[in-house]
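Me: I would like a close look at a single part of this model, taken slowly and with its surroundings included. Please go through it in one connected answer.

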Amino acid sequence: MRVIPVLDILDGRAVHARGGAREAYAPVVSRLSATAGDAIALARAYVETLDARDIYMADLDAIAGRAPHDALLRAIAVLGARPWVDAGIADAERAQATIAAGAARVIVGLETLPSIDALAAIARAIGDARTVFSLDLRDGTPIVRPGLELPASPVTIVQRAVDAGARTVIVLDLARVGTSAGVDLALVAELRRACPAIELVAGGGVRDVDDLARLADAGCDAALVATALHQARVTRADIDAVRDRVQRSHP
């Protein structure tokens with residue numbers, strides 16, 4: 001089990017995402033950084049204080065159709081981070097440009113996905129090891145771009161994404177983000193049973209170290225965490241303890 005810290009970027013600043021209501025997001029106040037909304041300082045703390053190299057970066061401006069924050073991405077990568085970037089990426093050209101700007105992996109979100117064929121084209125262009133599919137949900141319901149016809153079942157959607165070349169899947173319920181409501185362990189377990197070979201990551205609602213342990217037991221490989229880190233309800237010691245527990249359980 002790994003903890004992947006989250007950077008939600010809006011207008012070039014790190015914001016505190018809550019419930020998917022992006023118009024209300026404010027600069028994040030974190031115990032890991034002295035300055036609210038300082039994305040670089042927060043990324044440095046993730047790397048140096050938490051010893052986290054994988055960082056999930058949601059470029060909310062790009063997701064909304066505005067220019068991506070490639071310069072900020074490059075600056076974060078220079079810190080020694082391996083950014084996983086969700087920037088509304090919907091085609092192979094933009095995926096390649098995002099890798100060139102410093103992304104270690106490109107996240108293709110269901111929210112902005114134009115077609116399963118587009119996901120397959122991205123996986124071919126950058127390689128399946130760098131292609132991450134995000135199962136974007138709101139209160140358990142898939143968030144699908146208007147005009148895109150997909151099955152209603154989250155599990156079936158993930159299976160189609162895996163068939164298209166995604167080897168890593170994030171299950172992210174926007175309604176739970178920043179709410180400390182806990183994660184949907186039943187869905188995580190169902191996805192693990194249906195797709196045993198994928199790297200499975202959960203995000204949205206992680207409250208504390210006990211949630212991390214429950215996710216590990218449900219078959220998760222990693223968890224996206226933000227609020228619990230900012231409020232010090234998950235610390236470096238907790239992250240190390242969960243990692244050690246999983247290693248003992250799966251030698």
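How many bridges join β1 to β4, and do the two run parallel or antiparallel? Please start there, and then go on to the cavities.

Reply: In this predicted model, β1 and β4 are joined by four bridges and run parallel. One point of contact can be named, since V6 stands opposite Y56 in β4. β4 is also joined to a further strand, β5 (residues 82–86), by five bridges, and here too the strands run parallel. Within β5, D86 is the bridge partner of A58.

The burial of β4 deserves attention next. Six of its six residues are buried, and β4 is therefore largely enclosed by the rest of the structure. In a regular strand the side chains alternate between the two faces of the sheet. Both faces of β4 are covered, with D54, Y56 and A58 buried on one side, and I55, M57 and D59 buried on the other. Y56, which V6 faces across the pairing with β1, and A58, which is partnered by D86 of β5, thus belong to one side of β4.

The strands can now be set beside the empty space in the model. Rolling a probe the size of a water molecule over the atoms shows where empty space is left. The count comes to three cavities of 30 Å³ or more, and the largest cavity has a volume of about 380 Å³. Its lining is made up of 35 residues, and those nearest its centre are V6, D8, A17, L172 and V177; V6 is also the residue that stands opposite Y56 in β4. Both β1 (2–10) and β4 (54–59) supply at least two residues of this lining, as do β2 (13–16), α1 (39–48), α2 (60–63), β11 (222–225) and α9 (227–230). Divided by class, the lining of the largest cavity holds 21 nonpolar, nine polar and five charged residues.

The second largest cavity has a volume of about 80 Å³, and V171, D173, R176, D184 and G203 are the closest to its centre among the 13 residues that line it. At least two lining residues come from each of β9 (168–173), α7 (185–194) and β10 (199–203), and the largest share, three residues, is that of β9. By class, the lining of the second largest cavity divides into seven nonpolar, three polar and three charged residues.

To return to the part you asked about, β4 pairs in parallel with β1 and with β5, has both faces covered, and supplies at least two residues to the lining of the largest cavity.

Notes: Residues are numbered from 1 along each chain as its sequence is written. This is a predicted model: local features need pLDDT of at least 70, side-chain atom pairs count only at pLDDT 80 or more; totals for chains, interfaces and linings use all residues. Side-chain values use heavy atoms; hydrogens and water are left out. On a 1 Å grid over the protein atoms alone, a cavity is a set of points where a 1.4 Å probe fits but cannot get out, and a pocket is an open set with protein on both sides within 12 Å along at least five of seven lines; lining residues have an atom within 4 Å of a point. Grid points are joined across faces, edges and corners, and a volume is the space filled by probe spheres set on the points. Ala, Val, Leu, Ile, Met, Phe, Trp, Tyr, Cys and Pro count as nonpolar, Asp, Glu, Lys and Arg as charged, and the others, Gly among them, as polar. Buried means under 20% relative accessible area, exposed over 50%, partly exposed in between (1.4 Å probe, protein chains only). Two strands pair if DSSP finds at least two bridges between them.
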